[in-house]
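Welcome, and thanks for taking a look at this one. Please open the view below and keep it beside you as you read.

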Amino acid sequence: MFSQNMIIRDGEYTKTIYTMIKEERFQDAINTLNTIPESSTTRAGLSLLGHCYYQMQDFIEAANCYEHLLNLVPDVQEYRLYYAQSLFQAGLFDEAQKIIATGLDSSELKEKVLQLQSAIAYGNEDYTAAQSLLLQRQDGNGQEASTKNDEGCLLYQANMYEDALQRYVSALQAGGFNPHVAYNAALCHYRRKENSQALNYIAEIVERGIRNHPELGVGAQAETEGGARSVGNPPALAASGLAQAFNLKAAIEYQEGNVDGAREALTDLPPRSEPELDPVTLHNMALTDPTGGGAGLRRLAFLLELGPPACPSETFANLLLLCCKHEMYDTAADILAEHTHLTYKYLSPYLYDLLDALITAQSTPEEAEQKLGTLASSIGGRLRALAAKVQECRSATDQNALRMALREYEGALESYLPVAMARAWIPWRMDDFQGAEREFRASAEFCSETPSWRLHAAHVLFMRGDRYKEAAAFYEPIVRQNYDDILSIPASVLANLCVAYIMTSQNEEAEELMRKVERAEERKGNATGQCLHLCIVNLVIGTLYCAKNNYEFGLSRIAHALDGGSGARLCADTWIHVKRCVLGLLTGMAKQTIVLPSIALQETLNFLRACEAYGITIPSVLTGPLEDSGEQPPTIGLEARKLRALLLRLMEYK
């Protein structure tokens with residue numbers, strides 16, 4: 001890399017700087033130019049600096065250079081155009097339009113000016129003006145591909161994805177392969193739910209990017225576990241389309257429920273530090289953050305404060321949905337109140353009604369139920385109409401019409417499912433499991449074959465306490481479907497199925513399932529304690545026996561689940577089950593309704609002593625993703641010590 005301390009002999013500055021620019025070492029050229037005092041006051045120096053800053057995507061500095069150039073040589077129209085382009089790229093659309101309006105009337109630059117004006121109108125979401133300007137452009141001088149691409153962008157914004165795709169394909173045919181046009185075509189396929197075709201375009205963009213730009217280090221983060229050196233934002237990265245392609249791949253994986261695959265796609269991006277990330281990458285990293293909701297919420301909140309055009313349009317809705325996911329309904333209500341101007345712009349009526357009902361449920365559940373009922377009736381009626389349309393298309397053997405009808409039906413079903421889940425969630429949160437079951441039965445007409453619906457229906461039946469056989473019937477297909485990769489099944493499903501087996505006298509099936517999980521964990525290697533499937537199964541079974549007043553066996557299962565309290569599985573998530581059962585034991589002993597053998601009491605004391613020693617620095621409570629009170633949370637060690645002291649007092653009581 002070029003050193004700023006490199007000595008350049010007199011007479012070789014021009015050759016050295018132009019060599020750097022030819023080799024795309026723009027930052028080195030900027031550093032060298034900044035050592036020359038005349039660079040900031042002469043036409044040649046400012047022109048070179050403006051070009052280098054623009055290529056480095058430092059558009060504000062580029063705009064400053066071209067502004068100074070216009071003061072020096074106001075009659076050079078090219079500098080006025082470059083100034084407007086820099087302002088546009090910096091997101092200053094109105095300022096760019098003013099520069100165009102104040103004297104940029106060169107006939108030689110007319111096509112470029114029209115292209116910039118249509119881009120500004122498009123960025124301001126004035127699609128009518130953008131269309132009008134587009135019609136004034138000519139397809140000559142090799143501009144056909146650019147015009148076709150811009151036409152496709154306008155059609156895409158109008159949700160006319162098929163017509164937009166045709167324009168993008170025509171642009172690729174007219175101008176040859178262009179990664180940005182190929183990305184646009186992939187985006188149309190993604191919107192049409194044609195993921196395999198989208199992935200084909202993505203694969204070609206990535207393949208060409210790796211071949212043509214090996215210096216970008218695609219995949220280096222995965223190979224070095226995040227320790228790769230940042231490549232920054234060189235022009236090659238912008239030209240390659242790699243950032244867009246990997247982000248779209250991550251979106252496809254995320255939409256299909258493969259969050260790990262989405263993270264992997266983002267990890268394959270050329271390595272950059274967080275301040276260097278583009279807004280779309282930052283947005284997608286927020287949604288897939290493996291450390292929890294806190295970092296994701298903060299990133300989305302940061303993007304929202306940036307505002308358009310830097311802020312992706314999905315940010316507002318995803319921030320609200322993430323708040324609701326983490327039950328931060330007051331925060332969601334505050335965000336809605338503070339950004340009312342974004343509500344009608346970025347939230348569909350459906351999504352606004354759903355979020356409004358979820359927030360309302362915190363204070364007036366009856367009103368929320370009414371809102372959700374109205375929404376469910378509306379979508380349910382549309383689903384019935386679409387189902388009839390699907391049947392008509394099948395009878396007519398019109399495959400294209402059938403494909404479109406099925407796509408519409410699936411889209412409506414995707415909207416209906418969250419409403420159905422929310423209607424069941426309202427009674428669930430009040431422990432009205434019978435009411436939750438009633439809501440599931442009401443939505444079974446449309447959702448009974450949906451995996452997520454079946455999973456939550458199983459949870460509701462399980463919590464009823466007298467429907468274990470029916471719950472097992474829902475859980476078993478989920479387990480059978482992933483039996484060869486049993487650790488991919490949520491631990492709650494395995495634990496609840498084991499309990500359902502035990503409660504229906506199918507102990508052998510429960511033991512076989514637990515042995516299967518244990519063998520899978522041994523094969524995977526569980527030295528770090530990160531795989532908690534068997535631990536959770538044992539915790540749930542132990543809690544079940546404690547609830548049935550069999551504390552001797554129940555607490556032994558819990559101690560076994562946590563390696564006697566001295567293992568890496570001891571954390572706030574698992575500790576909450578421990579203290580509930582121990583407090584239940586203490587309550588029963590205080591009321592003299594429970595009597596445990598002395599050996600069982602001694603084992604419980606030993607278990608609590610181990611928890612005290614190993615949990616001395618581990619927080620005992622789960623905190624919300626944005627909670628930061630500044631106070632030191634209580635630790636498992638401290639709570640275990642208090643529980644052990646209470647147990648000793650009760651053992652000594654006569």
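Here is a short briefing, going from the whole chain to single residues.

This is a predicted model. The protein has 654 residues, and 46% of them count as buried. Its secondary structure comes to 34 helices and 0 strands.

**The whole chain**

- Taken along the principal axes, the C-alpha atoms fill a box of roughly 100 × 75 × 45 Å.
- If you take the contacts between residues at least 6 apart in sequence, 57% of them join residues at least 24 apart.
- The unreviewed UniProt entry annotates residues 43–76 as "repeat: TPR".
- Over residues 43–76 the chain is 79% helix and 0% strand, with the end C-alpha atoms 11 Å apart.

**Helix α11 and its surroundings**

- Helix α11 covers residues 179–191, and at 1.5 Å a residue its 13 residues should span 18 Å; the end C-alpha atoms are 18 Å apart, so the model agrees with the expectation.
- Is α11 mostly covered or mostly open? Mostly covered: 10 of its 13 residues are buried.
- Among the buried residues are P179, V181, A182 and N184, and the list also includes L187, C188, H189 and Y190.
- The packing partners of these buried residues are α9 (144–157), α10 (161–175), α12 (195–212), α14 (235–240) and α15 (242–255).
- At the N-terminal end, N178 acts as a cap for α11, with a side-chain oxygen 2.9 Å from the backbone nitrogen of H180.
- Just after α11 comes K193, which takes a positive phi of about 60°.

**Aromatic rings**

- How many aromatic pairs does a search of the whole structure find? It finds 13.
- One pair is Y416 with F446: the ring centres are 5.2 Å apart and the planes stand at 75°, over the 60 degrees needed, so this pair is edge-to-face.
- Y416 belongs to helix α24 (residues 399–428) and F446 to helix α25 (residues 433–447), so their pairing ties together parts that are 30 residues apart in sequence.
- Y416 and F446 are both buried.
- Another edge-to-face pair is W453 with F474, at 6.4 Å centre to centre and 65° between the planes.
- W453 sits in helix α26 (residues 451–464) and F474 in helix α27 (residues 468–481), so this pair ties together parts 21 residues apart in sequence.
- With a relative accessible area of 5%, W453 is buried.
- Ring pairs also link Y66, Y79 and Y82 into a cluster.
- A charge meets a ring at F177: the charged end of R208 sits over the ring of F177, 4.1 Å from its centre.

**Two buried residues to find**

- H459 is found in helix α26.
- Its relative accessible area is 16%, which is under the 20% cut-off, so H459 counts as buried.
- Which residues does H459 touch, not counting those up to four places away in sequence? They are W428, Y475, S492, V493 and N496.
- I17 is found in helix α1 (residues 13–22), and I17 is buried, with a relative accessible area of 5%.
- Leaving aside neighbours within four places in sequence, I17 is in contact with T32, L33, I36 and L48.
- For a sense of distance, the C-alpha atoms of I17 and Q632 are separated by 56 Å, while the two residues are 615 apart along the chain.

**Two loop residues with positive phi**

- Most residues other than glycine have a negative phi, and the next two residues are worth a look.
- S505 has a phi near 60°, a positive value in a residue other than glycine.
- S505 lies in the loop between α28 (491–503) and α29 (507–524).
- Is S505 buried or exposed? At 67% relative accessibility, S505 counts as exposed, because the cut-off is over 50%.
- Q592 likewise has a positive phi, near 60°, and is a residue other than glycine.
- The loop that holds Q592 runs between α32 (572–590) and α33 (598–614).
- At 59% relative accessibility, Q592 counts as exposed.

Key. Residues numbered from 1 in each chain as written. Predicted model: local features only at pLDDT ≥ 70, side-chain atom pairs only at ≥ 80, totals over all residues. Heavy atoms only, no water. UniProt positions renumbered as here; feature names shortened; annotations may be inferred. Helix = DSSP H or I, 4+ residues; strand = E, 2+ residues; numbered from the N terminus. Expected span 1.5 Å × (residues − 1). Buried < 20%, exposed > 50% of the residue type's maximum accessible area, 1.4 Å probe, protein only. Contact = heavy atoms within 4.5 Å. Polar contact = N/O pair within 3.5 Å; in protein donor to acceptor, adjacent residues only side chain to side chain. Phe/Tyr/Trp six-rings, centres within 6.5 Å; stacked < 30°, edge-to-face > 60°. Lys NZ or Arg CZ within 6 Å of the ring centre and 35° of its normal.
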